[in-house]
Amino acid sequence: MKKDEFRKAVFELMLKNRRTCDQYQYTVPSPDVYPYQWLWDSCFHAIILSHFSLDDAKKELLSLVSHQFENGMIPHMIYWDKAKPTDFPVIEWGKEDTSTITQPPIIAYATWRIYQTDKDEEFLEKIYPSLSLFYNYLINERDPRNNHLIGIINPDESGEDNSPRFDIPLGLDLQHSQDVNFGKRLELVGKHRVCNFEIGTCMRNFFWVKDVPFNAILVENLRVLSDIAKVLGNIEDAKYFSEQSKLITLAMRKFMFEDGIFWSTYDLDYKKIKVLTWAVFSPLFAKICTKDEAKVLVDKYLLNPKKFKTKFPVPTVSLDEPAFDANGFWRGPVWMAINWFIYKGFMNYGLYNQAEKIRSDSLALIHQEGFREQFNPLNGEGLGARDFTWGGLTLDMLE
Ligand code: GLC
């Protein structure tokens, strides 16, 4: 497919998946399987839409913050139209029209991308109070001991629902069915309700993970939020968010780093979860590694045929992990947003050849299989939902 045709196909997909409700407009990740609005998906959508229509990109983010909680949390799902029958099992997360958990905080980054294109300060002003409230919520409520690492209370908050990074904290065996995994996550939803949605003293006793990608994404987003505050002339906030970003970076090194790798941790005593997933590359997105560390990640992990080098890269789980499953949900397959994060990380370090390879491999997969949710990293087969939006992020990988 030629470049223009591909661009057109992405735009058509975004229009096909567009929904409106009252004065709001948003995009569903996939019409059949994911018919609601999701937090990090909509941030990806805004980034994709910023290549077509800034107005639509802004609407996507404004609909997200329209359901922000009073305490600042932005829920990971908004059920704009729960009444419609769909294939998606409606999970009762504890509220009528939204979930009660969040997802990786990439909304400041998406906002900044829009602003960089049109310098619309009015939009920044409009969305800034919600952003500031959300990131303050994470900094305060999700770090009750003030150790500068942000905790998640359910694997779904990572966006990688079934990732084997969460098997140990969930108390699961290496091999288990998707239903068993889902059951454990639903149990956590129940506990959250019993905790009356209180995290610091209650919920964190049941599942408390300091996840590497979540914290790395936060580091980069706090940096960007600081830039946004600066544009708006709010020097105090700018300083504060920049400091918080630095503190989390230092804490990641202190609690997560060992043998060249940042590991997610669990429980109050920061036990490392030594399961090798794409998460090892995520600190590159936030420029947390040194140049030498980045090089080791490429040579020892990305280009290692026993680990992340497959015919159709990048697998989300290392091939030599016992939990690796080429078709398993978040247990091996390629996901386009993950390729995008890794691509951006490599660009940060001037690893242009590696970045370019991820871009062309990603495009080849989509050309071969269409806009699928995931792809088998060994044979390239498309898996899961169809008409899934994340493939549009390849447009954001520049030639
Ligand atoms: C799945 C993914 C999650 C995504 C959602 C909607 O649950 O694991 O990351 O946000 O689908 O696409």
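Helices (H or I, at least four residues) and strands (E, at least two) are taken here as DSSP runs, numbered from the N terminus. The structure is a predicted model, in which local features need pLDDT of at least 70 and side-chain atom pairs count only at pLDDT 80 or more, while totals for chains, interfaces and linings use all residues. Residues are numbered from 1 along each chain as its sequence is written, and side-chain values use heavy atoms, with hydrogens and water left out.

**Exercise 1. Describe the chain as a whole, from its secondary structure to its surface.**

Step 1. Counting the runs gives 12 helices and 11 strands in the chain.

Step 2. The radius of gyration, taken over C-alpha atoms, is compared with a globule rule of 2.2 Å times the number of residues to the power 0.38. The chain has a radius of 20 Å, close to the 21 Å that the rule gives for 399 residues, so it is as compact as a globular protein of that length. The C-alpha trace spans about 50 × 45 × 45 Å along its principal axes.

Step 3. A residue counts as buried under 20% relative accessible area, as exposed over 50%, and as partly exposed in between (1.4 Å probe, protein chains only). On this scale 62% of the 399 residues are buried.

Step 4. Contact means heavy atoms within 4.5 Å, and of the contacts in the chain with a separation of 6 or more, 67% are between residues 24 or more positions apart.

Step 5. By the Shrake-Rupley method with a 1.4 Å probe, where for residues only the protein chains shown count as cover, the accessible surface comes to about 15,800 Å², and carbon and sulfur atoms contribute 50% of that area.

**Exercise 2. Work out how strands S1 and S2 are joined, and what arginine 18 in S1 touches.**

Step 1. Two strands pair if DSSP finds at least two bridges between them; S1 and S2 have 4 bridges and run antiparallel. One of the bridges sets cysteine 21 against tyrosine 24 in S2.

Step 2. The two strands form a hairpin with 2 residues between them, and aspartate 22 in the turn has a positive phi of about 50°.

Step 3. Arginine 18 belongs to strand S1, which covers residues 18-21. Neighbours within four places in sequence aside, arginine 18 is in contact with Gln25, Tyr26, Thr27, Leu49 and Asp56.

Step 4. A polar contact is a pair of N or O atoms within 3.5 Å; within protein, one must be able to donate a hydrogen and the other to accept it, and residues adjacent in sequence count only if both atoms are side-chain atoms. The side chains of arginine 18 and aspartate 56 make such a contact at 3.0 Å.

**Exercise 3. Find what surrounds serine 63, and state whether this residue is buried or exposed.**

Step 1. Serine 63 sits in helix H3, residues 54-65, and is buried, with a relative accessible area of 0%.

Step 2. With neighbours within four places in sequence set aside, the contacts of serine 63 include Tyr24, Gln37, Ile78 and Trp80. A polar atom of the serine 63 side chain lies 3.2 Å from the backbone oxygen of glutamine 25.

**Exercise 4. Classify two aromatic pairs and locate their partners.**

Step 1. Rings of Phe, Tyr and Trp (its six-membered ring) pair if their centres lie within 6.5 Å; planes under 30 degrees apart count as stacked, over 60 as edge-to-face and the rest as tilted. This rule yields 34 aromatic pairs.

Step 2. Tyrosine 24 and tryptophan 80 form a tilted pair, 5.4 Å centre to centre with 40° between the planes. The partners are 56 residues apart, tyrosine 24 in strand S2 and tryptophan 80 in the loop between strand S4 and helix H4. Tyrosine 24 is partly exposed at 25% relative accessible area, whereas tryptophan 80 is buried at 14%.

Step 3. The rings of phenylalanine 285 and phenylalanine 341 have centres 5.0 Å apart and planes at 85°, so the pair is edge-to-face. Phenylalanine 285 lies in the loop between S9 and helix H10 and phenylalanine 341 in helix H11, so the pair ties together parts 56 residues apart in sequence. Both rings belong to buried residues, with relative accessibilities of 3% for phenylalanine 285 and 2% for phenylalanine 341.
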